[in-house]
Amino acid sequence: MTTRPFDLRAARAMRDGLDPYYAAIVFSPAAVGVFGSLGLDAWSAYFAGRAAPLGAASEGLVEAVFFHFEPSMVATNTAKVRAAGTPEELLALRLEAADAALRDALGAEALDSAEMAEAAELAAVAAAACTSAGRPLGAANAALPLPEAPHLKLWQTVTTLREWRGDGHNTALLASGLDAVEVLVNAVAAGRERRSSIQPRRGWSDAEWEAAEQRLHDRHLLTEEGGLTLRGRELREEIEDLTDRLSLAPWQALGREGTHRLHELARPWSTVIAERFLGKYRPEPYPSA
């Protein structure tokens, strides 16, 4: 087995250590309730929260950045979001939702701690290194002013880092030659997702899913039983490694010591959030060398 470089292992560990902190806004009932004040249900709230930094973006642009969602699902929810409020109102609402989610999950003591303030400053240094080229959601988030409250400053910077990495992941997916549905089939076959969960959440029909399975089988990427062939597994790892390589800049800017410290600070909060709202948490450990 080839040993992955330290930087790539650190990049993946930072994804695992930070993403749940962002995801509180998606899965917390308190956050969904805030979006509900504008008449948005859970799915339209998801699109509102992620697309709000794009401003009055065209439907085509929103569809483009939500790579593996079925287009009509994007269009339906984008229409609901536009009817609910202006981009400025939605940006304010998502910070309110993030505040509600984090207070509910972590409590005031954690939010007001010196550790939270330290983590926010470290994450801000990392997020400042996120370049804009080819990174629409990352760049849109990076352009937003940082909140003063440390827990919201951390949430905004973690969101920038998460979306910036996600933009790079989309680049890796496109480079792989997989289309939007094939990407999901590949992830299910790799054990990263369950079809019963991810297919309805992305809006694809059974016919579309099964056609993608057949295409992957025809290209010798999927076995008859629905597992990955050797080449299918290699392609999955190529996607993940390229995503990691494309996400290195923030962690190189922060440095090994600062990156490790941010992981050390944020991981306990992410663990609480993940275990409360996601029911599981299997992060890649931070590399020791």
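**Close-up 1. Cysteine 130 in the loop between α8 and α9 of the predicted model.** Cysteine 130 counts as buried because its relative accessible area is 11%, which falls under the 20% cut-off. The loop that holds cysteine 130 runs between helix α8 (114-127) and helix α9 (136-142). When residues up to four places away in sequence are set aside, cysteine 130 touches Thr160, Leu161, Trp164 and Pro250. Valine 185 stands 55 residues from cysteine 130 along the chain, and the C-alpha atoms of these two residues are separated by 30 Å.

**Close-up 2. Arginine 236 in helix α14.** Helix α14 spans residues 230-246 and includes arginine 236, a residue that is buried, with a relative accessible area of 8%. Apart from its neighbours within four places in sequence, the residues in contact with arginine 236 are His169, Val183, Asn186, Ala187, Ala190, Arg192 and Leu228.

**Close-up 3. Arginine 202 in helix α12, buried and without a salt bridge.** Helix α12 covers residues 195-202, and arginine 202 belongs to it. Although arginine 202 is buried, no salt bridge is found for it, the nearest side chain of opposite charge being that of glutamate 193, at 5.9 Å; a salt bridge would require a side-chain nitrogen of Lys or Arg within 4 Å of a carboxyl oxygen of Asp or Glu. The residues that arginine 202 touches, not counting those up to four places away in sequence, are Trp43, His68, Phe69, Glu70, Met73 and Leu184.

**Close-up 4. Helix α3, a mostly covered helix.** Of the ten residues in helix α3, which extends over residues 42-51, eight are buried. The buried positions in α3 are Ser44, Ala45, Tyr46, Phe47, Ala48, Gly49, Arg50 and Ala51.

**Close-up 5. The largest nonpolar core and the surroundings of leucine 154.** The largest nonpolar core has 68 residues, and those with the most contacts inside it are Tyr21, Phe66, Leu106, Leu154, Trp251, Leu262 and Trp269. Helix α1 (residues 6-27) supplies the largest share of this core, namely twelve residues. Leucine 154 touches Tyr21, Met116, Ala119, Ala120, Ala123 and Trp269, once residues up to four places away in sequence are left out.

**Close-up 6. Another nonpolar core, apart from the largest one.** This other core lies apart from the largest nonpolar core and has 19 residues, among them Leu173, Leu178, Leu184 and Trp204. One of these residues, Leu184, is also touched by arginine 202.

Note on methods
Residues numbered from 1 in each chain as written. Predicted model: local features only at pLDDT ≥ 70, side-chain atom pairs only at ≥ 80, totals over all residues. Heavy atoms only, no water. Buried < 20%, exposed > 50% of the residue type's maximum accessible area, 1.4 Å probe, protein only. Helix = DSSP H or I, 4+ residues; strand = E, 2+ residues; numbered from the N terminus. Lys, Arg positive; Asp, Glu negative; His and termini not counted. Contact = heavy atoms within 4.5 Å. Core = buried A, V, L, I, M, F, W, Y, C linked by side-chain atoms within 4.5 Å.
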